[in-house]
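Work through the exercises below with the model open. Each task is followed by its solution.

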Amino acid sequence: MAADWSKKEIKEYVSTMEEVNTHEKLGQFYDGFAPFYDKAVKSFGYVGPSIIATFLQKYVNSKDAWIFDVAAGTGLVGECLVDTGYTNIDAVDGSETSIEVARKKNIYKNLYVEWLGGDNKLSIKDDNYDALVCAGGFMLNQLKSDVFPEFVRVVKPGGYILINMRTKWFTVEPSYRDGKLEGDMAQVEEEGKWKLIERHTDIQEGDQTSETFVYRVC
């Protein structure tokens, strides 16, 4: 595919995501998309990274806090965090090519190519971060609620977990439908592992909306 993708070409490529149902296929999907990802998503007005950066500033005042960017991709969230003054940011993503694009931006302290979900445990020690951010990781055939234990494990008690996702995925992704994802979030709270501090709806990409969840780790 050409270096400068048209919107039609982008939509055609993204439509293949419905067939991406394993870590191997997901890695291949984003490895192919990574060189053009930033320009592609910005052309559609994607503002999830800036939204999550705004919310992080509301809850984490120290710019020296250690932040973990999950499903970091090519580093769009990291760029927004650096722009708002944060200096200690680590990143994890399953796409090696995406992580290499992010590495070249020189915005992360440490970068990890690892998968979350299922029995996968990150090579991160317990209680390591002041906050965890995840923008765009929850969508069709991607992160599921089985990542929540790892989210909680790597964040210090009293730290924050921020998740931003398009509202439409609650009805499109089968494992999220009928309140399943929100129910799983509530279950983590019932277990005393985190507490919902705020949920907010924003307009993204025309008439699309996104949801931002802010949790404090117990």
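**Exercise 1.** State which residue of β3 stands opposite V92, and place β2 among its neighbouring strands.

Solution. V92 stands opposite Y112 in β3. The model is predicted: local features need pLDDT of at least 70, side-chain atom pairs count only at pLDDT 80 or more, and totals for chains, interfaces and linings use all residues. Residues are numbered from 1 along each chain as its sequence is written, and side-chain values use heavy atoms, without hydrogens and water.

Step 1. Strands (E, at least two residues) and helices (H or I, at least four) are DSSP runs numbered from the N terminus; two strands pair if DSSP finds at least two bridges between them. Four bridges join β2 to β3 (residues 110-113), and the two run parallel.

Step 2. On β1 (residues 66-70), five bridges lead to β2, again parallel. Here F68 stands opposite D90.

Step 3. Six of the six residues of β2 (residues 88-93) are buried, so the strand is largely enclosed by the rest of the structure. Buried means under 20% relative accessible area, exposed over 50%, partly exposed in between (1.4 Å probe, protein chains only).

**Exercise 2.** Classify the ring pair of F68 and Y129.

Solution. Step 1. Rings of Phe, Tyr and Trp (its six-membered ring) pair if their centres lie within 6.5 Å; planes under 30 degrees apart count as stacked, over 60 as edge-to-face and the rest as tilted. By this rule there are 10 aromatic pairs.

Step 2. F68 and Y129 are stacked, at 4.5 Å centre to centre and 0° between the planes.

Step 3. F68 lies in β1 and Y129 in β4 (residues 129-135), so the pair ties together parts 61 residues apart in sequence.
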